[in-house]
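Visitor: I am new to protein structures, and I would like a close look at a single part of this one. Could you take me through it slowly, and set that part within the chain it belongs to?

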Amino acid sequence: TVTETGTGGADSVTYSPDGGTPSDPPTVEITSDGQEVTVTVTNTFIEVLGDITDRDTDTDTDVTTTEEGGTLAFTGAELLILALMALGLLVTGAPLLLLTRRRDE
């Protein structure tokens, strides 16, 4: 009888040839020295997708889906926020530059 020591957390295990049904391990008989028997053991893992957030630009809501092929989670910021942050850095940086630069006298 062919047995597998562990499934590694597989959702299903199938054997080919099988022992009656694909999930039953086969019993093989080796009748001569050097005879080879091939048994294929297939472990099947069902992929579980995490929540995928799709930012809907038409509304103010985010859509979460677990469908395969969905989009990646929105991790950026709105363009307006980025522009305001850049402007704020310029507004605070310019006076600091003027205060700290050396004066030739």
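**A close look at helix 1**

Guide: In this predicted model, among the contacts in the protein chain between residues at least 6 apart in sequence, 35% join residues that are at least 24 apart. Keep that in mind as a background for the part we shall look at, helix 1, which covers residues 79–100. The secondary structure of the chain comes to 1 helix and 4 strands, and, read along the sequence, these elements follow the pattern β-β-β-β-α, with the α standing at the end of that pattern.

Helix 1 has 22 residues, and from its first C-alpha to its last it reaches 32 Å, which is close to the 32 Å expected at 1.5 Å a residue. Is this helix well covered or hardly covered by the rest of the chain? It is hardly covered, for the count of buried residues among its 22 residues is 0. For the protein chain as a whole, 7% of the 105 residues count as buried, and the chain exposes about 9100 Å², of which carbon and sulfur atoms supply 55%.

One residue of helix 1 to pick out is isoleucine 81. Its relative accessibility is 44%, and because partly exposed means a value between 20% and 50%, isoleucine 81 counts as partly exposed. Together with Leu79, Leu82 and Met85, Ile81 makes a nonpolar surface patch of about 430 Å². A general point about helices helps in viewing such a group: an α-helix has 3.6 residues a turn, so residues three or four places apart point the same way.

To set helix 1 beside another part of the chain, consider alanine 10, which lies in the segment before strand 1. The relative accessibility of alanine 10 is 16%, and because the cut-off for buried is under 20%, this alanine counts as buried. Leaving aside its neighbours within four places in sequence, alanine 10 is in contact with Asn43, Thr44 and Phe45. The C-alpha atoms of alanine 10 and threonine 44 are separated by 5.5 Å, although the two residues are 34 residues apart along the chain.

Further along, a cis peptide bond joins serine 16 and proline 17, with omega at about -5°. Proline 17 has its place in the loop between strand 1 (12–16) and strand 2 (40–44).

Conventions
Residues are numbered from 1 along each chain as its sequence is written. This is a predicted model: local features need pLDDT of at least 70, side-chain atom pairs count only at pLDDT 80 or more; totals for chains, interfaces and linings use all residues. Side-chain values use heavy atoms; hydrogens and water are left out. Helices (H or I, at least four residues) and strands (E, at least two) are DSSP runs, numbered from the N terminus. The expected span of a helix is 1.5 Å times one less than its number of residues. Buried means under 20% relative accessible area, exposed over 50%, partly exposed in between (1.4 Å probe, protein chains only). Patches are made of residues with over 30% relative accessible area and no salt bridge: like charges are joined within 9 Å, nonpolar side chains (Val, Leu, Ile, Met, Phe, Trp, Tyr) within 5 Å. Accessible areas come from the Shrake-Rupley method with a 1.4 Å probe; for residues, only the protein chains shown count as cover. A salt bridge is a side-chain nitrogen of Lys or Arg within 4 Å of a carboxyl oxygen of Asp or Glu. Contact means heavy atoms within 4.5 Å.
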